[in-house]
Amino acid sequence: MNDNAEQQPLTAAPSYAAAQLAKAFATALTHEDADTRRRAEVRGQRWRAVLAGMAAGRLTVGSRTPVAGLPAWVTPEVMRGGFATGAAGAGGPLQPYETEIARSFRVPAERRALFAHCLTEGGLAWLWARLDSGRYEIAVPEEAALLTMAWLVRHGETDAALDLAAELEPFADRLRFLPRPADGPAPQAGAADAGAAVHRLTVSDAVDTLVRRRPDAAVETQREALAVWQPFGDELLVHWLETAREGRVLELTPDADWSARGAALLDRYRALAAEHTRCTKHRNPKENLGILRAALEETVAGRPLDARRRGLLRHAVESMVRRRGLPGSAPHTALRRSQAAQAALPSHHALAQVVLRRLAVLPQETGVADVGPVVADVTREESRETGLPAGAAVPPAIRQVVEAALSAPIDTLVERGVVPSAEVMAELLPQLVAATTAQAFRDEALRTLMAANYRAFRGRRSLLLLNLERQVRVEELPWVRAVSGQRAAVLGKPDGDGALAVLRQLGELAVQAFPGTTLPNPLVRELGLLARHGDLGAPFVEELAADIFMGTFSPKFLTAARVAGELLGGTLYERYYGIDYNGIRNLAIAETGAALSRPHGARTPPGFARLCAERAGNAAGSGSWSVAANGTVIEQAQILTTHNLATLVHRVGIAPRPGWADLARRSFGTVCRLTARVHNNPRPLGTIKDAAYAWRQTLFHLSMCPPAEQRRVIAGLAEETARHGAHVTTRLAPALAGLLLVAEGGVFGADGTADGGRARRLLGWSTDGHWMR
């Protein structure tokens, strides 16, 4: 196809939505858990809305404005895969807080009436009080809109306030623009520093998690068996042993006193059985306890035992004595004492209630600055109040929930394992980025509001986008645009303050903590925002989805490849992957000139897409399409750009500790661990892909090492594979042979192999079966 030819916009097919609807329908009908069935039913209703909207033309899935009549800035309700349902995140029925505010305003409980009242003197006074006290919450960005308008009015920006109100007014009947009142002030936008405290869970989140924990049925059943039924079984055994002579039960005839005491035992049994219902072994007629009880029922009722029941009774008594000794004997007493001590241990559920009481007195919407007192042993005072033994330790499963709410610098959370992956790290970055970007606003109230708005904005789910459209940015929200002039030039100072310093710290931490993991897209978006605010011009690129990729890349991919070439020209990385970074530099210059000469033409760099396709072995314009073929092209783009590593090093200036050699070794450890999972894996391709991506990270880290250090690291890689088993050594042998070949000056053939196939270039995607399988 001609690069300049006009192309019809691509749209998403409904097949994915239909498959998700069928899956939700099946779960709603067949799942054993009622809550899961209800959630699946709601999910199914939303997928039906997606399909109905697509069929009626109300939804254009793949567009950044997927819902007819709603602008891009409106937060859409988004399902899995990026499909919009047609509903707005700030829409739906009135929230309870809106109804309460309408009552206090003495206006009808309608959103348009609430909106209109907020433009009056009384409504503005209410909004100003929220701004002054900070007692509000922003769950979706729209809830920051009227607060922003009120701030503009107070500071004499009347025209901007009127323009904002006019832009919001057409949606005043559908969307909620009022903030949620809160008992405490919103978190302040602190200093722009990656050392600021963040938390994975709030105290409220930790409380909810612990509240949902139910007592462990198996543990409680065992506790009941040890504390109730084992002692009662001993009493029955002692009672029957009174009828024994020379070890044989029923050699002595039971008298009236024995029968009366037996009847009392049976009455107590019925009371115990009614109260303690977890353990059911005592009801089993084949269990020893069941045999002793049933025989006693018959005997107390005056019915003689037949030969079969007498034999069962004698066998049960003999086996109980043989296994545990006579009740009262030293072995039997020691056993029962040990079991009683075990049964007396406090349950995890009971200890969770103690922790919940400790959490209840803390601020609920922040993290925990010091988790030590929350997870400390049970105190004497708590023992008196709860009956739990003083000094009882909080179990690890409950400690982990509380530790997830630890509020500390993000590097501390990584070190303590609270942040175990780059994906979890990405979840926390909005807290830091919100504070960092808000620092540009000189007014404290506006700074706090914009930080809250950004945190809410980052809860917005990404849309499925086609035609190289990009996700809506926070700067596009009308209320953010309205105060953009209030920003002070404090973010890009040459002394390293502001966004650039935070970007450098976070980039270093991500690469240092997770050297074998590619930066996940949510983390890339946060770093990209910091780069924009720092006016750095650093091209951060996202990982593209192979199932919707249509063979084109946005201009920043070529820019990122050129940055990589400036850093990696002549290195092991360039040689291993057979890259011509000089050629990429010339391509970038040519593409820039072509774009300038065609101001209304395509914004995509077709030369870069062709290069990636050629490197992947795909014939340009062949018309073939498959997810695997797309994956091979996307992987080549990742190789050429280093998927943001070169940008972080060359433009941002990261210098991870304790050095590149350490990162290379640890990254290769990730390669080995992933390769180990390929063994006996019925679906290994995803794991192979991740192993190849970790291998690419290893090559980059090696290329940053001085030559002598690089040689030492490469020499030790084979030893690392041996620690992971023979199948790992066998699978990685061709890749290691290829690395050694290139390090010594050799090259791969056109097919990515050398030395008769004993040396291979390790890639993640393949269209004809992967050699690593």
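A disulfide is counted here as a pair of cysteine sulfur atoms within 2.5 Å. By that criterion this predicted model holds zero disulfides. Two cysteines show how the criterion fails to be met. The sulfur of Cys672 has its closest cysteine sulfur in Cys705, at 17 Å, which is too far for a bond. Seen from the other side, the closest cysteine sulfur to that of Cys705 is in Cys672, again 17 Å away and too far for a bond. Cys672 is buried, with a relative accessible area of 0%, and Cys705 also counts as buried, at 6% relative accessibility.

The nonpolar interior comes next. The largest nonpolar core has 192 residues, and Met425 and Trp695 touch the most other members. Helix α18 gives the most to this core, with ten residues. Apart from this core lies another, of 26 residues, including Trp229, Leu296, Leu305 and Val317. Leaving aside neighbours within four places in sequence, Trp695 is in contact with Tyr576, Tyr577, Phe668, Val671, Ala735, Leu736, Leu739 and Leu762.

Helix α18 itself covers residues 422–438, 17 residues in total. From its first C-alpha to its last, α18 reaches 24 Å, close to the 24 Å expected at 1.5 Å a residue. The helix nevertheless has a kink of about 35° at Leu428, shortly before the proline Pro430. Of the 17 residues of α18, 14 are buried, so the helix is largely enclosed by the rest of the structure.

Towards the N terminus, strands β1 (residues 76–78) and β2 (residues 84–88) pair in the antiparallel sense over two bridges. Val78 has Ala84 in β2 as its bridge partner. Five residues lie between the strands of this hairpin, and Gly81 takes a positive phi near 85°.

The loop between α2 (34–56) and β1 contains Trp73. Trp73 is buried, with a relative accessible area of 6%. Which residues does Trp73 touch, not counting those up to four places away in sequence? They are Glu142, Glu167, Leu168, Phe171, Leu175, Phe177, Arg460, Glu476, Leu477, Pro478 and Trp479. A C-alpha separation adds to this picture: those of Trp73 and Val472 are 6.8 Å apart, although the two residues are 399 residues apart along the chain.

Technical notes
Residues are numbered from 1 along each chain as its sequence is written. This is a predicted model: local features need pLDDT of at least 70, side-chain atom pairs count only at pLDDT 80 or more; totals for chains, interfaces and linings use all residues. Side-chain values use heavy atoms; hydrogens and water are left out. Helices (H or I, at least four residues) and strands (E, at least two) are DSSP runs, numbered from the N terminus. The expected span of a helix is 1.5 Å times one less than its number of residues. The bend at a residue is the angle between axes fitted to the seven residues ending there and the seven starting there. Buried means under 20% relative accessible area, exposed over 50%, partly exposed in between (1.4 Å probe, protein chains only). Two strands pair if DSSP finds at least two bridges between them. Contact means heavy atoms within 4.5 Å. A nonpolar core is a set of buried Ala, Val, Leu, Ile, Met, Phe, Trp, Tyr and Cys residues joined through side-chain atoms within 4.5 Å.
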